[in-house]
Structures are given as C-alpha cells and as structure tokens.
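Reader: Hello! I am new to this structure and would enjoy a close look at a single part of it. Could you pick one spot and walk me through what surrounds it?

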Amino acid sequence: MTTLREYLDTTECKDSLKELIELIAMQAVPIREAFIENQSYAGTENASGEEQAALDVWSDDHITKILLESNLVREIASEEKDDIVKNPDAKENYAVVMDPLDGSSLIQVNLCVGTIIGIYDNGNALSLGDELRTAMYMLYGPMTVLTLTVGDGVYIFALKDGVYQMMQGPVSMPQGKIYGSGGLRKDWTNEHGDFISIIEKDGGKLRYSGSFVADFHQILKYGGIYCYPATINNSIGKLRLVYEANPIGFIAKQAGGRISDGKTDLLKKVPEKPSEKTPIYVGSKNLIEQLENIKIR
Ligand code: AHM
Ligand code: MG
C-alpha cells in the first residue's frame, strides 16, 4: 500500500506543498471528532445569508487557525467568511480556498459530508480555477476518504490507523448514467428540463443526496453529471465558484471530466468576489458537451 506521503514524494510538489496537503488532510480527524458535540445551529448566517450550523463555524475556525499557525499560507478564503483572511508575513506564497463543511445540513441525519479545498501557489485566492496548484476533498462517510490532485491525475486515499493509504488512482471518470439536479423541478428553465429529459430517456439513474461533495464523488467513480442550475427565479444558482466549483471542477478535469455553467468552462471564469455564485454542471465530458450544445442560459 502506498501512503499519502509516499505518493507525494513521487510528485514534483515542493516540500512546503507536501506539508500543507498533509496538514489539511489530517484535519479530517478532529473534524470527525467534533461531529457529535456540535450538532446545533450557531444562530449566525454566512456570507451568502444561509444559516450556519455550529459545525460549519467550528470547522472553518479550526482549519483557519491551523493554516495560520503553519505560516505557509498568505490568503485564506472560506465559504463561511465574508472577507479573505490575509497573512502577509507567511513564509510561503500559498492561498487556500475552502468550503470547510460542505453538505452540513445532512450532519443531523448522519449522511455523508466533506471538506473541499483548493490551493494556489500565487498567493491569490481569487484566481482562475485552471490556475489551482492542488485540489482535494475529504469525505466523511463510512470511511474517511481523501481525493487529491496535484495537477497530475486524481488519487483516492482512505484513512486507516491515522495514515492515508492509496485506494485508487489515477482515477479516470467514465461516461456514466448517474445524474442529480438541485432546484425544484417547477422552477427549472425549459432548457434545463429538456437536458434532464434527454438524460432520463437515455437511461439516466437519479442519485442526489444534498451534499455536493458526496454526490460528486459518486460521479467521479461511476460517471454521469451533477447539476445545480440557474432557475427561473434565480439566475446565479446556489453553489459558489471559488469554494466549490473550482476545486471540484479541477479534480473533474484531472480525471478526464469537465465543469461548466451550462455555456462555458467554469475553470476559465475570473472570480469577481469571494462568495460569487454560479450555476454548476460537473461530470462526464460527453454529457457536458451535450449540455453546452443545448446552450443552457
Ligand atoms: P453548503 O455548502 O452550505 O452545505 O451548501 C451547499 C449544498 C451542496 O452541498 C448541495 O449540493 C446543495 O447545497 C443542496 O442544496 P438543495 O438542498 O437546495 O438541493
Ligand atoms: Mg458547500
């Protein structure tokens, strides 16, 4: 079995990047431990005006503190914070973007949630998705799993006795038939509805848990598409470009898949603000190409 450290040593990552990746990946342990104690709501709202679970806030504070203590990171942009946290004295030039706890509304029913991370090495958290140096997520399901790319394929590790062991990689996202879409069907645009009908007629199999990171993980392995579209009342969708779309899209691309807003590649969209929202379609390349031909939006 190859450990995470052994794998990282085969890559061209700088030692400081290896250190940062391992440091973040190991935060899965305290985050999982905090699940039992922090199930209530915090009574506060995040930058997008959504109610924050206590665990959202705890995970955000925890990872931010660990990153600042490491002194490796110049900027931290989090879904749970209005402003980018800056550390101009950092000894390295990394910028971390994160959704500290994606799918957190599912914690109280014990469904799968995760932590989404993107790392830039240019010190700028508002960079293009395509400029990410590393993207990764930790998934808290029956196993604690790390999905990682350092720009040279996607690798999946499982945490066993405190050590991440490689389970699979390089991962190639197949053409598949799993699909899931956010938004109420009555609010879908005609174009989005038409696209979903095409998938359904083609034997599509619905799988949608309400946790982006978990729903994506399934698509990474089996192929298909995850959608959170623009709707007739809401042209910007629900998910965020910087914290969710870009890291997950970068992983999808590294596995041979794609991410789009329905028209174009999201990894080429310059973020205008940290909490920017965007419609998201991510999954197998053939489905994204089919979608862009319908010209959604
Ligand atoms: P979160 O980052 O606050 O958890 O919100 C994003 C979540 C995604 O994980 C998930 O795909 C989506 O919201 C589910 O939304 P809905 O309940 O509208 O389907
Ligand atoms: Mg999220």
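Author: Happy to! Please keep in mind that this is a predicted model. Let us begin with Thr149, which is buried because its relative accessible area is 0%, and buried here stands for anything under 20%. Thr149 belongs to strand β8, which covers residues 144-149. A polar atom of the Thr149 side chain sits 2.8 Å from the backbone oxygen of Gly153. If we set aside residues up to four places away in sequence, Thr149 touches Arg133, Thr134, Ala135, Val154, Phe250, Ile251 and Gln254.

One of those partners, Phe250, leads us onward, since helix α7 spans residues 241-254. Glu244 lies in that helix too, and it takes us to the metal site. There the magnesium ion (ligand 2) is coordinated by Asp99 (OD), Asp102 (OD) and Glu244 (OE), at 1.8 to 2.1 Å. Along the chain, these donors follow the spacing D-x2-D-x141-E. Asp99 is in strand β5 (residues 94-102) while Glu244 is in α7, so this pair ties together parts that are 145 residues apart in sequence. Asp99 has a relative accessible area of 0% and is therefore buried. Glu244, at 1% relative accessibility, counts as buried as well.

From the helix we can step across to Leu266. This residue lies in the loop between β14 (258-260) and β15 (280-283). Its relative accessibility is 0%, so Leu266 counts as buried. Apart from neighbours within four places in sequence, Leu266 is in contact with Leu241, Ala245, Asn246, Ile259, Ser260, Asp261, Thr278, Pro279 and Ile280. The C-alpha atoms of Leu266 and Leu128 are 8.7 Å apart, although 138 residues separate the two along the chain.

Ile280, one of the contacts of Leu266, brings us to our last stop, strand β15. In a regular strand, side chains alternate between the two faces of the sheet. In β15, Ile280 and Val282 point one way, Tyr281 and Gly283 point the other way, and all are buried. Strand β13 (residues 224-228) runs antiparallel to β15 and is joined to it by 4 bridges, with Tyr228 standing opposite Ile280. β14 is also antiparallel to β15, with 3 bridges between them, and here Arg258 stands opposite Gly283.

Terms used
Residues numbered from 1 in each chain as written. Chains lettered and ligands numbered in written order. Predicted model: local features only at pLDDT ≥ 70, side-chain atom pairs only at ≥ 80, totals over all residues. Heavy atoms only, no water. Helix = DSSP H or I, 4+ residues; strand = E, 2+ residues; numbered from the N terminus. Buried < 20%, exposed > 50% of the residue type's maximum accessible area, 1.4 Å probe, protein only. Contact = heavy atoms within 4.5 Å. Donors = N, O, S within 2.8 Å, 3.2 Å for Na, K, Ca; no water. Polar contact = N/O pair within 3.5 Å; in protein donor to acceptor, adjacent residues only side chain to side chain. Pairing = 2+ DSSP bridges.
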